[in-house]
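Colleague: I'm new to this one, so could you walk me through how each call gets made?
Modeller: Sure, here it is, and ask away.

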Amino acid sequence: MLQMGVQTTIEALKKAPVATVHYAKNIVLTDGTTPHYLINKLQKMCMPQSLDTNQTDFRNGGHAFKWHCNAYEVVFYDKMHDLAQAKKSSKRSIEKDNNIQLQLFEQLDKKRTKQKFELFRMEVRLNKRAKIKQLFTKLNIKVPLTFQKLFKPAISRKILLYYFDELQSRHAPLFELSTSMTDKSLLTQMIVHNPHLSANRIIQLFGLKRLHETMTIQELQQMFAHHNKRSLQRLLIDARRLVMPAQADSLDVIRKQVVKGKAVRM
DNA sequence: CCAATGCAAAATCGTCGGCT
DNA sequence: AGCCGACGATTTTGCATTGG
């Protein structure tokens, strides 16, 4: 900082007001799931249309999921891949300032040859002071917006969990079911667990489930852009409410580690 | 230039009423 | 009865204005 011509005291820094804050958590995957797999899952959620989930950034194709608007961003990415990119050029990575982390990367990379594991990272970037304020009010976090006070594991966890739950609550159990399930057994499950639904509705939801296996909700919405949006909207609501036998949620790995985790980065 | 404020635009979702 | 469009309440985003 001195090199940049900025002089200040530690105390002043601690109390400095903050306009942008990033909360993040590294998630270690040892059970064979890959970041790529999780990102695919994330892409398949039905996010609000107002948010730009254009994560198919070709530079990172399949290595990052970004949920973006002007005031904030929620990003998931393959940390090892990002560090590998950073090694080539800092312009290629999601995180711009991880030069310091390259040493760590070398170590981890060596370790990886012995024991296979993946590093997945979740980041919430609150880019506007107004957004920080609004979110903190909502989550009942009563803290002045200064460097020192924002830098708290408990807050980090709360924020990350909030956005993760936001994401997960939009996920329909229907969409978690295996693609290899036969038409017949899928249909049977849908009928048995949802006796209140009409035959028509069930067949509609069945079609939606199959379509969803090869396309994202966003693509689907785009295709019906010229129809009245309400019907598709209702179908998606029903999909979320559809009762299906409990299924292991592939994203729970993330949730578990966020709950117990405590890493913070500014 | 940055932050706060207010407002418009857009989106979500419950509900109502007409149509078949 | 169920499907579908319309309406409206509410929330969220984006932008311009104001005031430092």
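Modeller: Let's start with the salt bridges: this is a predicted model, and the count in it comes to ten salt bridges.
Colleague: What makes the side chains of arginine 125 and glutamate 73 a salt bridge?
Modeller: The pair is 3.3 Å apart, N to O. The cut-off is 4 Å between a side-chain nitrogen of Lys or Arg and a carboxyl oxygen of Asp or Glu, so the pair qualifies.
Colleague: Why does that pair tie together parts that are apart in sequence?
Modeller: Arginine 125 sits in strand E4 (residues 118-126) and glutamate 73 in strand E3 (residues 72-78), so the bridge links parts that are 52 residues apart in sequence.

Colleague: On to the DNA. Which residues come nearest to DNA strand B?
Modeller: Twelve residues surround DNA strand B, and Gln49, Arg129, Arg230, Gln233 and Arg241 come nearest. Sugar and phosphate make up 65% of the strand B atoms that come within 4 Å of the protein.
Colleague: What makes arginine 241 and DNA strand B a polar contact?
Modeller: A polar side-chain atom of arginine 241 is 3.0 Å from a phosphate oxygen of strand B. The limit for two N or O atoms is 3.5 Å, so this counts as a polar contact. Arginine 129 also passes, because a polar side-chain atom of arginine 129 lies 3.2 Å from a phosphate oxygen of DNA strand B.
Colleague: And what does arginine 234 lie 3.3 Å from?
Modeller: A base oxygen of DNA strand B, reached by a polar side-chain atom of arginine 234.
Colleague: Which elements give two or more residues to the surface near strand B?
Modeller: Helix H5 (129-138) and helix H11 (229-241) do. H11 gives the most, with six residues. By class, that surface has two nonpolar, three polar and seven charged residues.

Colleague: Now the other strand. Which residues surround DNA strand C?
Modeller: Among them are Cys69, Asn70, Tyr72, Lys131, Ser198 and Arg234. Of the strand C atoms within 4 Å of the protein, 64% belong to sugar or phosphate and the rest to bases.
Colleague: How do you know that tyrosine 72 makes a polar contact with strand C?
Modeller: A polar side-chain atom of tyrosine 72 is 2.7 Å from a phosphate oxygen of DNA strand C. That is within 3.5 Å, so it is a polar contact.
Colleague: Which part of asparagine 70 lies 3.1 Å from a phosphate oxygen of strand C, backbone or side chain?
Modeller: Backbone: the atom is a backbone N or O of asparagine 70. For serine 198, a polar side-chain atom lies 3.4 Å from a phosphate oxygen of strand C, so with the limit at 3.5 Å this is a polar contact too. H5 and H11 are the elements that give two or more residues to the surface near strand C, and the largest share, three residues, comes from H11.

Colleague: Last stop, the second largest pocket. What is its volume?
Modeller: About 180 Å³. Its lining includes Asn40, Lys44, His171, Phe175, Lys209 and Glu213. Helix H2 (35-43) and helix H9 (199-212) are the elements that give two or more residues to that lining.
Colleague: Which domains does the lining draw at least three residues from?
Modeller: Domain 1 (19-171 + 253-260) and domain 2 (173-241), at least three from each. By class, the lining divides into two nonpolar, five polar and five charged residues.

Terms used
Residues are numbered from 1 along each chain as its sequence is written. Chains are lettered from A and ligands numbered from 1 in the order in which they are written. This is a predicted model: local features need pLDDT of at least 70, side-chain atom pairs count only at pLDDT 80 or more; totals for chains, interfaces and linings use all residues. Side-chain values use heavy atoms; hydrogens and water are left out. A residue is near a molecule or strand if one of its heavy atoms lies within 4 Å of it. A polar contact is a pair of N or O atoms within 3.5 Å; within protein, one must be able to donate a hydrogen and the other to accept it, and residues adjacent in sequence count only if both atoms are side-chain atoms. Helices (H or I, at least four residues) and strands (E, at least two) are DSSP runs, numbered from the N terminus. Ala, Val, Leu, Ile, Met, Phe, Trp, Tyr, Cys and Pro count as nonpolar, Asp, Glu, Lys and Arg as charged, and the others, Gly among them, as polar. On a 1 Å grid over the protein atoms alone, a cavity is a set of points where a 1.4 Å probe fits but cannot get out, and a pocket is an open set with protein on both sides within 12 Å along at least five of seven lines; lining residues have an atom within 4 Å of a point. Grid points are joined across faces, edges and corners, and a volume is the space filled by probe spheres set on the points. Domain bounds come from an automatic or database domain assignment.
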